[in-house]
Amino acid sequence: QVQVVESGGGLVQPGGSQRLSCVVSGRFFSIFTMGWYRQAPGKQRELVAAINRGGSTSYADSMKGRFTISRDNAKNTAYLQMNKLESEDTAVYYCNAQILHSGSASPVNYWGQGTQVTVSS
């Protein structure tokens, strides 16, 4: 069984920084792309950033230059460094991991439970 667990959320002042972590545990063969998504109240879930196993990254336009995604393959962990936070960044942040199980041809998407980030003075 695979578990995806996010941590690092909390209350931060506008202009501040926060670092989120996402740890994948359990039995699996490999982790493909890992991504961070967020969902604000009354809005759809949206992609924040993604990183593949080789380290190539992609970002939503509004996060470029402020957010940085990284991963440590040895620790099965992805990170999201968020700088210059704005009130509009307030949301529940979710981690997604594409997991390949032994004997399978295609990866399966797993989601964490989410971590709340609130940007407010």
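**An all-strand chain, starting from P14**

At 47% relative accessibility, P14 comes out as partly exposed, because that value falls between the 20% that bounds buried residues and the 50% that bounds exposed ones. The model is a predicted one, and P14 makes a handy way in. P14 sits in the loop that runs between strand 2 (10–12) and strand 3. Setting aside residues up to four places away in sequence, P14 touches L85, V119, S120 and S121. As for S62, 48 residues separate P14 from it in sequence, and the two C-alpha atoms are 16 Å apart in space.

Stepping back to the whole chain, there are zero helices and eleven strands, so the order along the sequence reads β-β-β-β-β-β-β-β-β-β-β. The radius of gyration is 14 Å, close to the 14 Å that the globule rule gives for 121 residues, so the chain is as compact as a globular protein of that length. Along the principal axes, the C-alpha atoms fill a box of roughly 50 × 25 × 25 Å. Of the 121 residues, 40% are buried. The chain exposes about 6,600 Å², with carbon and sulfur atoms supplying 45% of that area. Contacts also reach across the sequence: among those between residues at least 6 apart, 55% join residues at least 24 apart.

Now for the strands themselves, beginning with strand 1. In a regular strand, side chains alternate between the two faces of the sheet. Strand 1 shows this alternation: V2, V4 and E6 point to one face and are buried, while Q3, V5 and S7 point to the other face and are not buried. Strand 1 runs antiparallel to strand 3, and six bridges join the two. Within strand 3, S25 is the residue that stands opposite Q3.

Strand 3 (residues 18–26) also holds S21. With a relative accessible area of 17%, S21 is buried, since the cut-off for that label is under 20%. Neighbours within four places in sequence aside, the contacts of S21 are V5, E6, S7, W36, A78 and Y79.

On to strand 8, which pairs with strand 3 in the antiparallel sense over six bridges. Here C22 stands opposite A78. Strand 8 has another antiparallel partner in strand 7 (residues 67–72), again over six bridges, and in this pairing R71 is opposite A78. Strand 8 (residues 77–82) is mostly covered, with five of its six residues buried.

Strand 7 and strand 8 form a hairpin with four residues between the strands, and N76 takes a positive phi there, near 50°. Most residues other than glycine have a negative phi. N76 lies in the loop between the two strands and is partly exposed, at a relative accessible area of 24%. K84, found in the loop between strand 8 and strand 9, likewise has a positive phi near 50° in a residue other than glycine. At 57% relative accessibility, K84 counts as exposed, because the label applies over 50%.

What sits at the middle of the largest nonpolar core, in terms of touching other members? Of its 28 residues, M34, W36, L80 and Y93 touch the most other members. Two or more residues each come from strand 1 (2–7), strand 3, strand 4 (30–39), strand 5 (46–51), strand 7, strand 8, strand 9 (91–100) and strand 11 (115–119). Strand 9 gives the most to this core, with five residues. L80 has plenty of company: residues up to four places away in sequence aside, L80 touches Q18, R19, L20, W36, V48, A49, F67, T68, I69 and Y93.

Finally, T90 lies in the loop between strand 8 and strand 9. A polar atom of the T90 side chain lies 3.0 Å from the backbone oxygen of S87. The backbone nitrogen of V119 is 2.9 Å from a polar atom of the T90 side chain. Apart from neighbours within four places in sequence, T90 is in contact with A40, Q116, V117, T118 and V119. V119 is also among the residues that P14 touches, which brings the tour back to where it began.

Methods: Residues are numbered from 1 along each chain as its sequence is written. This is a predicted model: local features need pLDDT of at least 70, side-chain atom pairs count only at pLDDT 80 or more; totals for chains, interfaces and linings use all residues. Side-chain values use heavy atoms; hydrogens and water are left out. Buried means under 20% relative accessible area, exposed over 50%, partly exposed in between (1.4 Å probe, protein chains only). Contact means heavy atoms within 4.5 Å. Two strands pair if DSSP finds at least two bridges between them. A nonpolar core is a set of buried Ala, Val, Leu, Ile, Met, Phe, Trp, Tyr and Cys residues joined through side-chain atoms within 4.5 Å. A polar contact is a pair of N or O atoms within 3.5 Å; within protein, one must be able to donate a hydrogen and the other to accept it, and residues adjacent in sequence count only if both atoms are side-chain atoms. The radius of gyration is taken over C-alpha atoms; the globule rule is 2.2 Å times the number of residues to the power 0.38. Accessible areas come from the Shrake-Rupley method with a 1.4 Å probe; for residues, only the protein chains shown count as cover.
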